[in-house]
Amino acid sequence: MFWQSDTGTMQLDPDSLDDILSDNPLNITCLSDAPVVCPDVATRRGTLYPGNHPYPLMLNLSWSDQEQTVLPAGETLQLMAAFKIPELPEQYQQAGCVPQGVLIDGSPTATSANLTFYFIGFAEQTTKLSGDASAADDRWRGVQIRVNYTRCTQDLAITQTIVDASGNPIASPTVPADRTVRYAVTITNPAVSGPLALPRLTEAFSPAVVEAVAVCDPALSTGGAVCPTGTFAAGTRYLADGSTAAIASGDPQLDITWGEAGEPTLPAGSSVTFLIEAQYPAELATVATAVATAFDAAPGSPFPLVSDSDAIAPTASSAILSIRKSVSPIAPNPGDTVSFVVDLLNAGDAATSASFSDPLHPDLAAANPGGFANVVCTPITAGMGVLDGPLGDTPCPVLSSDATGIQAAIPVFAPNSGLRITYTAIAPEAITSAPNIASIYADADLATAADRSAWVNFIVRPVAVDPPDTDGPGLAATGVEGSLTVSALVAGLVLLLGGGLLVATRTIRRRRQSSE
């Protein structure tokens, strides 16, 4: 039996020595024969001393024989005593080892110690009491036993697994459409380790999550481990004393410490399991990584820092995207308002990272310094006749319109659904065929084969000028239809519109003349 002092020193516990005497009597046996007079071991009595005494237990045996000498000259008295080596403290018994850092024989790394159970003295009490002889005749000897201990390895283990909503592992996980990923994190204190008083768990997400919560599931904890209660949210550091603190920028977003100093919060051979639910940002387009780390929060702890991580990629898109665009009027006058209608459609599975853009062409910049105007989004409905069958529900995204054009991220583009976006622009003064290309992308950051574009140009009309009267004497005399050098002015513009051909012409013809 031992006790552990405030300094972590292994010492005998004097209160437990009574147990040694009662549970396992010393079984003192006298091995000597006559003429030596053996003591009556029933008369034994033990004297207990404080735990810091060099000899915590002293057993006194006194005996005499009035008719003969107890120990004749030249004879030997041999006594044999059997005793029990004290056990480890209760908190170390399950592991069967002494934690690193606990002092054994004054050393934090020692694996053995000298334990002194008895200080044996032999003297003739009658002579001592009469004062006829000097105490120098007495003989004393300390008896020590070297006891070996096993040092704990002070190890920890941690595993992290991506699971479904029921807590079952997912064999080949990908980031789902709602960007919510669930993790099961198990911290284990191996059986060859010492008890852990102040375990700490952190979780670092990359990219940073929108939100995350963690709970410890008592049903999944083993070996008497203490499971902290409550829900722990990302962005707050939870301390063992129940207080909280803000998490600094760049630190792990989840940070939980629990337990009490000196207590076996995580005994050897036990484990705790946390279930973590994290929501990644909508614009996630690359691999998301979560790193779980466990260690002892106590300063100078010999327990190691251990971690495990999981990387998960967005679901490969099987969306079937398309885009349609129209403009009205097709041939406005300078300064007229031109209206655009863009339909964004998804006839396949959900797209989890789509985006839309329509840059403002430089030819339109002067007349539209603030970009497109009157930008409105409306979900496609069955009544529009654009998509067949039951329609999915894709909410309108936030549309950003400025001098560069229109941009929008579509976090979740539902199957068989669509969006109609309308906006306007002012036709410039210059005669031009104004290009205007709108695009939808299956991935917000990467070019893919699923990306689609559509464009339609409007043609700014020139200012109309009436042609001069070309009737003259020579022509009138011949009675033959004549032609000016510009008798037929054709303005022809050919536009490629998603595979169609648009030809806009304007012809000025000379009026038919007569000789009449």
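Q: How far apart, N to O, are the side chains of Asp 358 and Lys 325 in their salt bridge?
A: In this predicted model, local features need pLDDT (the predictor's confidence in each residue, from 0 to 100) of at least 70, and side-chain atom pairs count only at pLDDT 80 or more, while totals for chains, interfaces and linings use all residues. Residues are numbered from 1 along each chain as its sequence is written, and side-chain values use heavy atoms, with hydrogens and water left out. A salt bridge is a side-chain nitrogen of Lys or Arg within 4 Å of a carboxyl oxygen of Asp or Glu. For Asp 358 and Lys 325, the N to O distance is 2.7 Å.

Q: How many residues apart in sequence are the parts that Asp 358 and Lys 325 tie together?
A: Strands (E, at least two residues) and helices (H or I, at least four) are DSSP runs, numbered from the N terminus. Asp 358 lies in strand β22 (residues 354-359) and Lys 325 in strand β20 (residues 321-328), so the parts tied together have a sequence separation of 33 residues.

Q: Are Asp 358 and Lys 325 buried or exposed?
A: A residue is buried under 20% relative accessible area, exposed over 50% and partly exposed in between (1.4 Å probe, protein chains only). By that scale, Asp 358 and Lys 325 are both buried.

Q: Which strand holds Asp 343, the salt-bridge partner of Arg 420?
A: Arg 420 and Asp 343 form a salt bridge whose closest N and O atoms are 2.7 Å apart. The two residues are 77 apart and link distant parts of the chain: Arg 420 is in strand β26 (residues 417-426), and Asp 343 is in strand β21.

Q: What is the relative accessible area of Asp 343?
A: Arg 420 has 23% relative accessibility, so Arg 420 counts as partly exposed. Its partner Asp 343 is buried, because its relative accessible area is 7%.

Q: How many residues apart are Asp 255 and Arg 237?
A: Asp 255 and Arg 237 form a salt bridge, with 3.8 Å between the closest N and O atoms. Asp 255 is in strand β16 (residues 254-257) and Arg 237 in strand β14 (residues 236-238), so the pair links distant parts of the chain. Their separation is 18 residues.

Q: Which residue is linked with Arg 237 and Asp 255 in a network of salt bridges?
A: Asp 255 is buried, at 6% relative accessible area, whereas Arg 237 is partly exposed, at 29%. The structure holds five salt bridges. The network that includes Asp 255 and Arg 237 also takes in Arg 200.

Q: What are the strands at the edges of the open sheet that contains β14 and β16?
A: The sheet has six strands in the order β15-β14-β16-β11-β18-β19, with mixed pairing. Two strands pair if DSSP finds at least two bridges between them. Two strands in this sheet have a single partner each, so one side of each is left without a neighbour: they are β15 and β19.

Q: Which residue in β16 stands opposite Tyr 238?
A: The strands β14 and β16 run parallel and are joined by two bridges. Opposite Tyr 238, in β16, stands Ile 256.

Q: At what angle are the ring planes of Tyr 183 and Phe 205?
A: Rings of Phe, Tyr and Trp (its six-membered ring) pair if their centres lie within 6.5 Å; planes under 30 degrees apart count as stacked, over 60 as edge-to-face and the rest as tilted. The structure holds eight aromatic pairs. The rings of Tyr 183 and Phe 205 have centres 6.4 Å apart and form a tilted pair, because their planes are at 50°.

Q: In which strand does Phe 205 lie?
A: Tyr 183 and Phe 205 link distant parts of the chain, 22 residues apart. Tyr 183 is in strand β10 (residues 180-189), and Phe 205 is in strand β11.

Q: Which kind of aromatic pair do Trp 258 and Phe 274 form?
A: Tyr 183 and Phe 205 are buried. The ring centres of Trp 258 and Phe 274 are 5.3 Å apart and their planes are at 65°, so this pair is edge-to-face.

Q: What is the mean pLDDT of the chain?
A: Of the residues in the chain, 68% reach a pLDDT of 70 or more. The mean pLDDT of the chain is 76.
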